[in-house]
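Hi,

Here is the structure I promised to pass on. Have a look at it first, and then read my notes below.

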Amino acid sequence: MCGVIGYTGGGRRDASSILVRGLARLEYRGYDSAGVAVHTGDGIVTRKLAGRVPDLQALLARSPVSGASGIAHTRWATHGAPTTRNAHPHVDCDERIAVVHGHKFRTETDTETLAHLIEDSPGETLEARVIAALELVVGTYGLAVISADEPGKIVVARQGSPVLLGIGDEEFFVASDASAIIEYTRSVVHLDDGDIAVLTPQGYHILDRESHVQLRAVDDVTWDLEAIALGPYAHFMQKEIFEQADTVRGTLRGRLVFDEGVARLNGLNITPDDCAAINRITIVACGTSWHAGLVGRQIIETLAQIPVTVEYASEFRYRRPLAASNTLTIAISQSGETADTLEAMRAARAAGSRVLGIVNVVGSTIARESDGGIYLHAGPEIGVASTKAFTSQIVALALLGVYLGQQRGLPLEARQELLCRLAQLPTLVSRVLALEPHVRRLAEEFVDARNALYLGRGVNFPVALEGALKLKEISYIHAEGYPAAEMKHGPIALIDAEMPVVFLAPHDEVYTKVLSNMQEVRARGGRIIAVTTEGNGDLGGLVDHQLRVPATAPLLSPVLTVIPLQLLAYHIAVLRGCDVDRPRNLAKSVTVE
Ligand code: F6R
């Protein structure tokens, strides 16, 4: 939600071009407006506009600005229209202080206010003035400030919004995430809430609000530039769909111990006694991660026989969770920064619950605030529509199910069987991806649909929800996911010859029931696409199109059945001319309520 970058390097490189290149990598965090503020040596010059980073690049080509340090911003509008006037950076009255920030304040919604506050605050140094100004601010932010009077210095403050420092050789960076700076350095420092960092070309230090020096670890970024390059693909979403054989493999790597039927999850930090004491699991998440949580519920209840509830984090956080000392709370989040999920997790902890995080982004706030957890190791997900995170989340939940199952009496053979099925998934994912040409043809047929219905049962009901979400968020076609058997209690009224109905019908214990639900749609003239399993009988007389995925353990089938739906949404959106990686009104990580 908004992207922030800053650079200081004592003239080693031109700040302006580093900032704009970095902004392009952060654009997935928001793309309503973009701007830079550069210290030219004579003072601060800003360039900003309502529009995207390429528009800012064009503006800078017409009206260049260069200097040794600066800050930049790409905005996802919360308060204030996405206009040039509201674009960041914001400056004070004399244009001697410039500020970018990645969040909102609760008391004052305009970042410009902060520039004026710093201008009016007492202090000998920029950091002293920023600290004084922040005493008057309530809310969450990750911000970077420069001053015309202190060339080369950037002051950074974090409270609730992700910010990290990049440590180079006599050059230093600040960014919302590592993707913006990975081509210059792999050494990063994740700031904690309350931290104030001061960067100059000579070095950096971190202070608390009383100006006491704080020590923070320097971490290595484990992925490389290639992970965030588009390569031969047209969009990041397409790339990430096609990465899924590798990303599922990444989630499994080093975690399957076949002989003992064990999932090795070193980061969980749960003792066998803790495990025995758990009498309930609550999963909190948003959007696609919430859908993965619904799949996880069935997996964990089946394997570990522990009751699981799955909550929208945004609802849970305001429900004042009941005391929960024997409840395990699992926060699922690709970004690890989603504000609602983070607050839900904090509310659960306050009620006495142990908290685990299932998170992709290493070092993210949810990962750092959890008592333990499972990293997805799926690599950076750039496409705004989540794809590879979803399949890896299900795999991580299955690993957790095996782990908990082992502690709670799941027999060795059953565990080994599931581990073998998990190990086969990467190969099976590749086979599903080979369906792409077929799915593209279907996209051509359904490109003009105005509505669509996605139906599934059991562990594939959440896949129906996910398929519908993918379609609506990137193609703007209205779509609903529904439990297939619930359809007759209402939505069946929508079905006519215009309505595409996508059925999830893999081979499992509800397969024949789903066939009956298909009959109900068929009888009313609906156009049916069925995602079914190789080896299931031919559905030719019943459906218009069949997409066959390989067989796997029924509990794991969502990892395969979701892929044709991702591809279908992707191709329909491309055919409709939609901006797949930057769908309107959306941002990748939602760090506001
Ligand atoms: C949908 C999508 C969102 C996210 C949701 C949670 O494609 O990407 O629904 O799943 O905003 O984000 P994370 O997982 O980062 O907490």
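What follows is a walk through the ligand site, a few helices, the strands and some backbone oddities.

Before anything else, bear in mind that this is a predicted model.

**The ligand site**

Let me start with the ligand, since you will probably want to go there anyway. Its shell is made of 14 residues, and the closest ones are Ser289, Ser333, Ser335, Thr338 and Glu473. Sorted by class, that shell holds eight polar, four nonpolar and two charged residues. Two helices each put at least two residues into it: helix 8 (287–304) and helix 15 (461–475).

Which protein atoms sit at short range from the ligand's oxygen atoms? For Ser335, a side-chain N or O atom is 2.7 Å from a ligand oxygen. Gln334 uses its backbone instead, with an N or O atom there lying 2.7 Å from an oxygen atom of the ligand. Val384 also takes part through a backbone N or O atom, this time 3.3 Å from a ligand oxygen. As for how covered the ligand is, its accessible area on its own is 400 Å², and the protein covers 89% of that.

**Helices 6, 7 and 17**

Helix 6 spans residues 244–252 and is mostly covered, with seven of its nine residues buried. The buried ones are Gln244, Ala245, Thr247, Val248, Gly250, Thr251 and Leu252. What do they pack against? The list has four helices and a strand: helix 5 (236–242), helix 12 (388–407), helix 13 (412–433), helix 17 (557–575) and strand 16 (256–257). Just past the end of helix 6, Gly254 has a positive phi of about 75 degrees.

Helix 17 is worth a second look through Thr561, which has its place there. Thr561 counts as buried because its relative accessibility is 0%. If you skip the neighbours within four places in sequence, the residues in contact with Thr561 are Asn460, Val463, Leu504, Pro506, Val531 and Val549.

For a contrast, go to Pro272 in helix 7 (residues 272–277). Is Pro272 buried or exposed? Its relative accessibility is 53%, so Pro272 counts as exposed. The C-alpha atoms of Pro272 and Leu164 are 36 Å apart in space, with the two positions 108 residues apart in sequence numbering.

**Strand 8 and its partners**

Strand 8 (residues 154–159) is largely enclosed by the rest of the structure, because five of its six residues are buried. On one hand, strand 8 runs antiparallel to strand 7 (residues 141–147), and five bridges join them. Within that pairing, Val156 of strand 8 stands opposite Ala144. Strands 7 and 8 form a hairpin with six residues between them, and in that hairpin Gly152 has a positive phi near 85 degrees.

Strand 8 also pairs with strand 12 (residues 196–200), again in the antiparallel sense, over four bridges. There, Ala157 has Ile196 in strand 12 as its bridge partner.

**The eight-stranded sheet**

There is also an open sheet of eight strands, paired antiparallel in the order 3-2-4-1-10-9-11-15. Which strands stand at the edges? They are strand 3 (44–50) and strand 15 (219–220); each has a single partner strand, so one side of each has no neighbour in the sheet. At the strand 15 end, two bridges join it to strand 11 (residues 187–190), and the two run antiparallel. Ser187 finds its bridge partner there in Asp220 of strand 15.

**Two positive phi values outside glycine**

Most residues other than glycine have a negative phi. Two loop residues are worth checking against that.

Glu170 has a positive phi, near 55 degrees. Glu170 sits in the loop between strand 9 (164–167) and strand 10 (172–175), and with a relative accessible area of 51% it is exposed.

Ser211 has a positive phi too, near 65 degrees. Its loop is the one between strand 13 (203–207) and strand 14 (213–214). Where Glu170 is exposed, Ser211 counts as partly exposed because its relative accessibility is 43%.

Cheers

Terms used:
Residues are numbered from 1 along each chain as its sequence is written. This is a predicted model: local features need pLDDT of at least 70, side-chain atom pairs count only at pLDDT 80 or more; totals for chains, interfaces and linings use all residues. Side-chain values use heavy atoms; hydrogens and water are left out. A residue is near a molecule or strand if one of its heavy atoms lies within 4 Å of it. A polar contact is a pair of N or O atoms within 3.5 Å; within protein, one must be able to donate a hydrogen and the other to accept it, and residues adjacent in sequence count only if both atoms are side-chain atoms. Accessible areas come from the Shrake-Rupley method with a 1.4 Å probe; for residues, only the protein chains shown count as cover. Ala, Val, Leu, Ile, Met, Phe, Trp, Tyr, Cys and Pro count as nonpolar, Asp, Glu, Lys and Arg as charged, and the others, Gly among them, as polar. Buried means under 20% relative accessible area, exposed over 50%, partly exposed in between (1.4 Å probe, protein chains only). Contact means heavy atoms within 4.5 Å. Two strands pair if DSSP finds at least two bridges between them.
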